[in-house]
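Thanks for coming. I will go through one model today, starting with how far it can be trusted and then moving through the fold.

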Amino acid sequence: MAWSAGQYVKFEDERTRPVRDLLAQVPLEHIDRAIDLGCGPGNSTEMIVERYGAIGVSGLDSDEDMLQAARKRMPGTEFVKADLATWRPEEPVDLLFANAVFQWLPDHLDIFERLMDGLKPGGVLAIQMPDNLTELSHLMMEETAKNGPWSEAFAKRSVRRSPLPSPSVYYNRLIGRSARLDIWHINYNHPLENAAAIVEWVKGTGLRPYLDHAGAEYREAFTADYLARIEKAYPPLADDKVLLRFPRLFIIAVKK
C-alpha cells in the first residue's frame, strides 16, 4: 500500500500535536543518536531536531513518497528506506521514536522487544499509536465496506487493522527490559470544518486501505457512501464545525 505525503500533511498541525506530547515525556537531556521510525514526511523528525539538534538524528520509512517529502523538508537530515518489520539499529542508540506507525504492524509487540535490545542502557523507546478503531470515523468505514457493489471484495479479505492490545499487555511485555515504563492515553477532540474534512483526514491514513481495496472502479462511489455516513454520524456543532474524537496510546520505555 502506497501512502501520500501531500494528503497526510493537510492536517499537519493536528497530526503533530501527539508528536509534541510524546516528545515532552522523553526523559533525555542530550542524545548522541536518535532515529525517527516511520518518519513520514518529516514533521516528527523536525520536532526531534528542534529539541536535540540535527547532529545524530535520522529518519526511517518504508514509503518512497514520504521519504521524498521528508528529504525536501529537511535536506540536511539523513532519511533511509527500511521495513520496520525486520529492521534493527546497527549499533545501540539513545532514542527510538515512533509516531503513528506501529498500529499497522500486528506483531509490533515482538518488534518492540527487538527495538529495546537496540537501545543503550538508559535509552528510550517512545511510541504513539492511534487507538481509534471503535470511533465512528472507523466504524463507518466498515459499514461502507459491507454495503455496496464492492462488498464481495471485503467479504473475501478484510482490510480492518488489528485492534491494539490493552495497556497491561504492553506493560507485561516491556517491563522486563525497562527501568521505567509509562503507558497512557490521550483523547484528542479536533474541531474540523465539516464532515468532508473528516473524510479528507482519514484519506491520508485509515481510509486509504479501504479505497485501495475497493479499486479504481469503486473509489469515488465508496468515498461518497462513506461521506454520507460520516455526515449522519458527526452532526454540526454550534459553529457548524464537527468534532473528531481521536484516542491515542502513548508508551515511554527506558531501558535498564
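The mean pLDDT of this protein is 94, and 96% of its residues reach 70 or more; pLDDT is the predictor's confidence in each residue, from 0 to 100. This is a predicted model, in which local features need pLDDT of at least 70 and side-chain atom pairs count only at pLDDT 80 or more, while totals for chains, interfaces and linings use all residues. Residues are numbered from 1 along each chain as its sequence is written, and side-chain values use heavy atoms, with hydrogens and water left out.

Over residues 1-5, pLDDT stays under 50. For that stretch the model has 20 contacts beyond four places in sequence, a contact being heavy atoms within 4.5 Å.

Now the sheet. Seven strands make an open sheet with mixed pairing, and the order is β3-β2-β1-β4-β5-β7-β6. Helices (H or I, at least four residues) and strands (E, at least two) are DSSP runs, numbered from the N terminus, and two strands pair if DSSP finds at least two bridges between them. Why do β3 and β6 each have one side without a neighbour in the sheet? Both stand at the edges, β3 at 78-81 and β6 at 178-192, and each has a single partner strand, so one side is left free of a neighbour. From one strand to the next, the twist averages 15°. For angles, axes are lines fitted to C-alpha atoms, for helices over the stretch in contact, and values run from 0 to 180 degrees between N-to-C directions.

Strand β1, residues 34-37, pairs with β4, residues 93-99, in the parallel sense over four bridges. One residue of β4, F97, is the bridge partner of D36. On to the next pair: β4 and β5 also run parallel, joined by six bridges. There, L95 has V124 in β5 as its bridge partner. Nine of the 12 residues of β5 are buried, so that strand is mostly covered; buried means under 20% relative accessible area, exposed over 50%, and partly exposed in between, with a 1.4 Å probe and protein chains only.

Two helices to look at against the sheet. Helix α4, residues 64-73, packs on it and touches β2 (57-61) and β3, with its direction at about 175° to that of β3. Helix α8, residues 167-174, lies across β5 (119-130), β6 and β7 (242-255), and runs at about 150° to β6.

Next, the interior. A nonpolar core here is a set of buried Ala, Val, Leu, Ile, Met, Phe, Trp, Tyr and Cys residues joined through side-chain atoms within 4.5 Å. The largest such core has 49 residues, of which V26, L95, L207 and F222 touch the most other members. Leaving aside neighbours within four places in sequence, the contacts of F222 include M141, W150, F154 and L207. A second, separate core has 28 residues, among them L96, M116, L181 and L249.

Two single residues to finish. Is H138, in helix α6 (residues 136-146), buried or exposed? H138 is buried, at 7% relative accessible area. Beyond four places in sequence, H138 is in contact with N132, L133, R160, R161 and G206. D13, by contrast, sits in helix α2, residues 12-23, and counts as exposed at 62% relative accessibility. From D13 to N43, 30 residues away in sequence, the C-alpha distance is 9.4 Å.
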